[in-house]
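This report works through one protein model, beginning with its ion pairs and then turning to helix packing and burial. The sequence and coordinates are shown first.

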Amino acid sequence: MTDSDDNSDEAIGPGLAERLVEARQHAELSQADLAEAAGLSAQQVYRLERGEGSGAKLETVAALAAVVKVSPAWLAYGEPCAAPRWVKLRAKGRPRKPPTE
């Protein structure tokens with residue numbers, strides 16, 4: 001079975017790499033930490049973040065989205081209505097509040 005073998009007729013949208021990097025950094029995870037938590041290899045995460053994930057399975061994207069706490073629809077397709085709150089605030093010109101310690 002290849003990465004493009006799943007039950008969806010819809011390809012993962014452009015921009016997955018950028019959204020994945022942004023969400024991973026927002027979650028303050030390394031590629032290795034994200035991979036482990038999502039049940040993937042670090043190489044898979046690396047490839048997805050480099051834009052080599054056009055054949056990524058939706059279940060892979062859903063696993064990554066769950067770890068970084070974003071909607072799979074936003075991560076896979078960039079759906080604005082499914083964007084996390086911190087993305088919507090940034091779009092309105094409000095910077096993200098720094099994490100409290």
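A salt bridge is taken here to be a side-chain nitrogen of Lys or Arg lying within 4 Å of a carboxyl oxygen of Asp or Glu. The model is a predicted one, and a search of the whole structure on that criterion finds five salt bridges.

**Overall architecture**

The chain contains six helices and zero strands, so that its pattern, read along the sequence, is simply α-α-α-α-α-α. Of its 101 residues, 33% count as buried. Among the contacts in the chain with a separation of 6 or more, 62% are accounted for by residues 24 or more positions apart.

**Salt bridges**

Three of the pairs are set out below with the separation of their closest N and O atoms.

| Acidic residue | Basic residue | Closest N and O atoms |
|---|---|---|
| Glu 22 | Arg 90 | 1.9 Å |
| Glu 49 | Arg 24 | 2.5 Å |
| Glu 52 | Arg 47 | 3.5 Å |

The salt bridge between Glu 22 and Arg 90, whose closest N and O atoms are 1.9 Å apart, links distant parts of the chain, since Glu 22 belongs to helix α1 and Arg 90 to helix α6 (residues 85-91), 68 residues apart. Glu 22 has a relative accessibility of 22% and counts as partly exposed, and Arg 90, at 44%, also counts as partly exposed.

Where in the chain do Arg 24 and Glu 49 lie, and what does their pairing tie together? The salt bridge of Arg 24 with Glu 49 joins helix α1, which holds Arg 24, to helix α3, which holds Glu 49, and therefore ties together parts that are 25 residues apart in sequence. Are these two residues buried or exposed? Arg 24 has a relative accessibility of 11% and counts as buried, and Glu 49, also at 11%, counts as buried, because the cut-off for burial is a relative accessible area under 20%.

Glu 52 and Arg 47 form a salt bridge with their closest N and O atoms 3.5 Å apart, and a network of salt bridges links Arg 47, Arg 50 and Glu 52. Glu 52 is partly exposed, with a relative accessible area of 39%, and Arg 47 is likewise partly exposed, with a relative accessible area of 33%.

**Packing of α2 against α3**

Two packed helices are described by the angle between their axes and the distance between the axes. For helix α2 (residues 31-38) and helix α3 (residues 42-49), the angle is about 115 degrees and the axes are 8 Å apart; the crossing of α2 and α3 is right-handed. On the α2 side the contact is made by Gln 31, Ala 32, Leu 34 and Ala 35, which meet Ala 42, Val 45, Tyr 46 and Glu 49 of α3. Sorted by class, this contact comprises six nonpolar residues, one polar residue and one charged residue. Glu 49 thus appears both in the contact of α3 with α2 and in the salt bridge with Arg 24.

**Helix α4 and its surroundings**

Which residues of helix α4 (residues 58-68) are buried? They are Thr 60, Val 61, Leu 64, Ala 65 and Val 68. Viewed down the axis of α4, these buried residues fall within an arc of 135 degrees, and so they line one face of the helix. The face turned away from this buried side carries the exposed residues Glu 59 and Ala 66. The cover over the buried residues of α4 includes α1 (16-26), α2, α3 and α5 (72-77).

One of the buried residues, Thr 60, is found in helix α4 and has a relative accessible area of 12%. When its neighbours within four places in sequence are left aside, Thr 60 is in contact with Leu 40 and Leu 48. Following α4 comes Lys 69, whose phi is positive, near 60 degrees.

**A loop residue**

Ala 27 is found in the loop between α1 and α2 and is partly exposed, with a relative accessible area of 30%. Ala 27 and Val 70 are 43 residues apart in sequence, and the distance between them in space is 9.8 Å, C-alpha to C-alpha.

Notes. Residues are numbered from 1 along each chain as its sequence is written. This is a predicted model: local features need pLDDT of at least 70, side-chain atom pairs count only at pLDDT 80 or more; totals for chains, interfaces and linings use all residues. Side-chain values use heavy atoms; hydrogens and water are left out. Axes are lines fitted to C-alpha atoms, for helices over the stretch in contact, and angles run from 0 to 180 degrees between N-to-C directions. Helices (H or I, at least four residues) and strands (E, at least two) are DSSP runs, numbered from the N terminus. A crossing is left-handed if the near helix is turned anticlockwise from the far one by less than a right angle, and right-handed if clockwise. Contact means heavy atoms within 4.5 Å. Ala, Val, Leu, Ile, Met, Phe, Trp, Tyr, Cys and Pro count as nonpolar, Asp, Glu, Lys and Arg as charged, and the others, Gly among them, as polar. Buried means under 20% relative accessible area, exposed over 50%, partly exposed in between (1.4 Å probe, protein chains only). The arc is that of the directions from the helix axis to the C-beta atoms.
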